[in-house]
Structures are given as C-alpha cells and as structure tokens.
Amino acid sequence: MSTPDDASIRDLAAAYALGALSPEETRAFEAYLAGSPEARREVAEFRETAALLAVAGPEMRPGPALRQRVLDRVRATKAAALPLPPAQPSPVKARIPLLAWAALAAAIAIAVGLGSKVRVLTTTLATRDSTIAAQRQALSEQANQLASRENVLASLLEPGVQLVQLTKQGDPDPRIQLYWDRIHNTAVLHASKLQPTPSGRTYQLWFIRDGKPVPSVTFDVAPAGEALVPGVTVPTGGKISAAAVTEEPSGGSQQPTSPIILVGTAPKS
Amino acid sequence: MSPVPSCGALDPGYRLWVADCLNRTALPRSTLCSWPMPNSGSATSLPADRDLVARAAIGDETAIAQLYDRYATVLYTVAYRIVGEQADADEVVVEAFAQAWREAGRFEPGRGSVAGWLTMITRSRALDLVRARSRRERITGTAAADQQDEPPAMGSWQGDPADRLDRTERRQQVLAALGELSPPQRTAIELAFFEGLSQSEIAERLNEPLGTVKTRVRLGMQKLRDRLRPVFYEQGS
C-alpha cells in the first residue's frame with residue numbers, strides 16, 4: 001500500500017528512535033511523522049526497544065544518599081517556581097531621614113521617566129484586557145465542554161448500562177467501548193487508538209439485530225485516534241447479538257460495503 | 001498493523017458478513033486474554049506509572065519519590081554505563097528526575113511508557129555530560145581515565161523485591177535478544193545508544209560504508225523490537 005518513498009522514509013524510524021539520524025534526516029523524518037500515526041506508533045515501539053537497551057549493562061545501584069539528593073532538588077525546583085512571599089518591612093526605613101536628599105533626587109529622575117512609563121503601562125493594560133477576554137471565552141467553552149462531559153458521565157452511570165467491547169483481531173490497540181443503556185436503548189461510543197480514516201471515508205457503527213446489520217452512527221476520530229459519541233440510538237424490535245464497525249464512504253451506508261474492522265458481542269440481556 | 005482479514009464476498013442477505021462477525025466475536029476475546037502482560041504479577045501495576053507522572057505534573061513530589069524507588073536502579077545503570085563514574089552518574093540521575101519533574105505535564109502516553117521516557121531523559125542528560133566533559137578535556141588536556149573512580153557498592157540500595165524480579169527477567173531477555181544480533185549489528189546499535197553517535201559518525205568510527213551501517217541499525221533494531229515486545233515496559237505503546 002505504501003509508496004517506495006514512504007517505505008524508504010519509514011526505514012528511518014529505528015535510527016530516529018536511537019537519535020542517530022543526521023539533522024537533515026531528522027527534519028525530513030519529523031515532517032513525515034507529523035502526518036503518519038502508523039509511523040508514530042512504529043517510533044514509539046523502537047523507542048521502547050531502545051529504552052530496554054539501558055538494562056543490558058552490568059546492573060549498578062545508586063548509593064543510599066542519592067534518593068534524598070533527587071528529592072531535595074525537586075523541592076528546590078518547586079520552591080523556585082512558587083511566588084515570592086511579600087516583602088518584610090525593611091529596617092532601612094528607619095534611615096530614610098538620612099537618605100532624604102538622595103530620595104528626592106531619585107524621585108525627580110523617576111518623574112521624568114514617568115510619562116513614557118504611563119504610556120507603556122496603558123498599552124500593557126490593554127493587552128492584558130484582551131488576554132482576559134480571550135481567557136473568559138476559553139473558560140466558557142470549557143464550561144460547555146464540562147457540561148457535555150457531565151451528561152456523558154450521567155448516561156454512563158444509568159442503571160442497566162452494559163459494556164460492549166469492540167476489538168480488532170490480532171491488534172490490541174484500536175478499541176471501542178459501547179456503553180449500552182438497555183432501559184433507554186441508547187449508547188455512548190468511546191473509541192481509542194483508531195487510525196483516522198482517509199478523506200471521503202468515515203467509520204460506521206452497525207448493530208447485528210436478528211442476524212442482520214442495522215446501520216447506526218458514523219463517526220470520525222481525532223488525530224490521536226479518539227472519539228466520543230453520546231446519544232447513539234440502539235435499534236429495538238429484535239435481538240441484538242453484536243456490534244461492529246466498518247469503514248464506509250462519508251455519510252455512511254445502508255448496508256456494509258467493507259470488511260469488519262472491530263467487532264464485539266453484546267452481553268446476554 | 002495486521003491487515004483486516006477478509007470476510008468473504010458480501011452476499012445480498014449479508015449472511016456471510018454477519019456469520020463472520022459472529023465467528024470473530026469469539027476470537028478477539030481469546031486473543032485479548034492471552035495477550036502477554038509481563039508485569040501483571042508485579043505489585044507495581046502498569047497504570048500507576050502514568051498516575052505518578054500525572055501527580056508529579058500537579059506538583060506532588062512524593063510521586064517522584066515513588067518513580068525513583070521504581071526506576072532508580074535502571075536509570076543509574078544506564079547513566080553509569082554512559083558516563084563511567086559514580087559522581088557524574090549521580091549528577092545525571094538528579095538532573096534527569098529534575099527534568100522529569102519539570103516536564104511531567106508534557107508527558108504523552110501515546111509516545112511510550114513512563115519507564116522508557118525516564119530512560120531516554122537520563123540517556124540524554126548523560127550524553128550531554130559526556131560531551132561537556134570532552135569539550136572541557138579538549139581545553140584542559142585532562143584524560144578521562146584520571147577521573148575514573150570505584151564503582152558504587154552493590155546492594156547499598158534495595159528497591160521493591162517484585163520490581164527487582166521483573167528487572168532481572170527483563171535484563172535476561174534483553175541480553176538474550178542482543179546475543180541474537182550479529183556482532184556488527186550490536187556494535188552499531190550500542191554506539192548509537194550509549195555513545196550518542198549518529199549513523200554517519202558510526203560509519204566513520206568503524207570505517208564502514210554509511211549504507212551498511214544504516215542497514216545494520218535498521219535490521220538490528222527490528223529484530224530487537226520483535227524479540228523484546230513481550231517485555232516492553234508497557235504493552236501497546
């Protein structure tokens with residue numbers, strides 16, 4: 001299926017995971033990687049392989065003091081990241097009368113610079129206002145997302161919800177969980193690690209009712225291979241024995257036109 | 001990765017399609033049950049590693065302590081192998097955990113296991129240290145050999161016993177897998193991993209054509225991957 005060019009760039013995956021490519025090869029390979037989930041998976045496997053090389057040497061144990069050093073270092077990093085405590089009243093204050101002339105001179109110098117400072121601050125404030133507005137917008141989007149997640153969660157927690165696991169033969173990665181609410185005949189579909197479909201194609205869910213496939217929702221996955229589809233209607237009027245997923249033309253099909261990719265049996269009612 | 005098995009022609013009543021569907025429902029389940037889960041017997045269950053990283057990401061330093069208890073030996077081993085002396089290996093491990101702590105929020109589970117991530121961070125810090133040292137030595141003219149000291153005492157720190165069992169078994173598998181490579185394949189891969197050499201640098205060092213080195217790295221790594229998949233730190237990564 002892959003072109004010869006594809007194959008030759010794919011050959012770089014192992015060396016890439018070892019960090020052994022030249023800078024030009026690295027750039028070319030990373031560009032390729034961005035568009036190929038399969039290559040990313042291959043690199044992940046080679047990286048795991050490379051990581052195992054670490055255990056091949058004679059095993060060395062760190063001295064007992066190292067653990068504390070690591071934790072001290074982590075604590076120090078944490079402290080550095082925290083905001084500074086408010087400044088204590090300074091003992092220097094008591095000496096102000098002695099420094100009054102110097103302070104006055106400094107105040108004059110500051111006042112001269114103040115005009116331009118005010119302009120800079122006004123601009124900064126305006127920028128900050130627009131940032132806050134953007135953050136408010138993001139926050140309300142997140143609130144909406146949260147609300148829809150709450151809904152999904154609520155439907156998962158309904159009494160009578162059963163789980164149908166759809167898997168691909170010989171491949172543990174792609175997986176679909178179908179939370180089937182048998183009282184309301186609805187389901188929530190959660191897909192993980194599915195390869196995104198080519199353009200013009202989509203995934204489609206099928207229920208096998210009395211031995212015949214009944215078309216259900218179509219869905220696409222995010223680049224990471226995830227999809228969450230709430231509110232799937234489960235067909236009634238017969239016995240559902242299984243659910244399956246195929247790849248179909250965009251818009252879906254009335255009958256399956258391609259082989260099954262993932263499949264799982266329904267639990268006995 | 002595996003092609004979708006053909007399910008036969010689609011007859012008008014979809015009987016074959018459905019029969020295949022129902023037949024196959026039994027298969028994935030057995031495939032799943034027998035899927036190798038090398039760590040399933042150990043007290044350190046797999047998801048916990050990721051949970052620890054998630055906790056570190058929100059500022060829980062005890063998570064780092066637990067990751068240390070789990071992986072310090074492996075990380076110290078690779079650090080020592082690369083830098084060759086105790087004080088530097090200590091420094092590398094401290095730096096590696098500090099980096100893990102800072103970058104925990106950017107850890108991507110899809111890119112592999114926590115143990116692999118920590119290993120690769122440690123390796124990078126160790127290679128950095130060696131490179132910095134060799135730059136210093138070029139300037140001052142000190143030989144690396146003068147810096148060698150005694151290897152650290154064995155057994156001075158003991159991790160979780162279940163974890164140690166895993167580690168011993170994993171190490172044996174890795175050694176066996178490396179033993180199955182041809183010596184030139186093994187050399188090329190070890191030069192890349194432990195010395196941080198690029199393929200061109202390896203070719204130069206060994207005085208071999210670049211193409212030969214590339215093939216050795218690729219075939220050797222493929223063989224290791226196929227052989228070591230069952231002992232990956234996490235499955236399906």
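## Close-ups of a predicted model

**View 1. Helix H4(A) meets helix H10(B).** From H4(A), the residues Glu45(A), Phe46(A), Thr49(A) and Leu52(A) touch Met221(B), Leu224(B), Arg225(B) and Leu228(B) of H10(B). Sorted by class, this contact has five nonpolar, one polar and two charged residues. Keep in mind that the model you're looking at is predicted. H4 covers residues 37-52 of chain A and H10 covers residues 210-228 of chain B; their axes come within 9 Å and cross at roughly 85 degrees. Crossings of 65 to 115 degrees count as roughly perpendicular, so that's the label for H4(A) and H10(B).

**View 2. Helices H3(B) and H4(B) cross within chain B.** Here H3 (residues 61-83) and H4 (residues 86-103) of chain B have axes that come within 9 Å and cross at roughly 135 degrees. That angle makes H3(B) oblique to H4(B). On the H3(B) side, the contact uses Ile64(B), Tyr68(B), Ala72(B), Leu75(B), Tyr76(B), Ala79(B), Tyr80(B) and Val83(B). H4(B) brings in Asp88(B), Ala89(B), Val92(B), Val93(B), Ala96(B), Phe97(B) and Trp101(B). By class, that's 14 nonpolar residues, no polar ones and one charged. As for handedness, the crossing of H3(B) and H4(B) is right-handed.

**View 3. Chain B as a whole is built from helices.** Zoom out a little and you can count ten helices and zero strands in chain B. Of its 237 residues, 36% are buried. Take the contacts in chain B between residues at least 6 apart in sequence: 70% of them join residues at least 24 apart.

**View 4. Helix H3(A) sits largely in the open.** H3 of chain A runs over residues 23-34, and its twelve residues should span 16 Å at 1.5 Å a residue. The C-alpha atoms at its ends are 17 Å apart, which agrees with that expectation. Just one of the twelve residues of H3(A) is buried, so the helix lies largely in the open.

**View 5. Pro196(A) sits in a loop between two strands.** You'll find Pro196(A) between strand S3 (186-192) and strand S4 (201-209) of chain A. Pro196(A) has 15 C-beta neighbours inside 10 Å, so it counts as partly exposed. Setting aside neighbours within four places in sequence, Pro196(A) is in contact with Pro37(A), Val221(A) and Pro223(A). Ser36(A) is 160 residues away from Pro196(A) in sequence, yet the C-alpha atoms of the two are 9.7 Å apart in space.

Note on methods:
Residues are numbered from 1 along each chain as its sequence is written. Chains are lettered from A and ligands numbered from 1 in the order in which they are written. This is a predicted model: local features need pLDDT of at least 70, side-chain atom pairs count only at pLDDT 80 or more; totals for chains, interfaces and linings use all residues. Axes are lines fitted to C-alpha atoms, for helices over the stretch in contact, and angles run from 0 to 180 degrees between N-to-C directions. Helices (H or I, at least four residues) and strands (E, at least two) are DSSP runs, numbered from the N terminus. Angles under 35 degrees count as roughly parallel, over 145 as roughly antiparallel, 65 to 115 as roughly perpendicular and the rest as oblique. Two residues are in contact if their C-beta atoms, placed from the backbone, lie within 7 Å. Ala, Val, Leu, Ile, Met, Phe, Trp, Tyr, Cys and Pro count as nonpolar, Asp, Glu, Lys and Arg as charged, and the others, Gly among them, as polar. The expected span of a helix is 1.5 Å times one less than its number of residues. A residue is buried if 20 or more other C-beta atoms lie within 10 Å of its own, exposed if 12 or fewer, and partly exposed in between; C-beta atoms are placed from the backbone. A crossing is left-handed if the near helix is turned anticlockwise from the far one by less than a right angle, and right-handed if clockwise.
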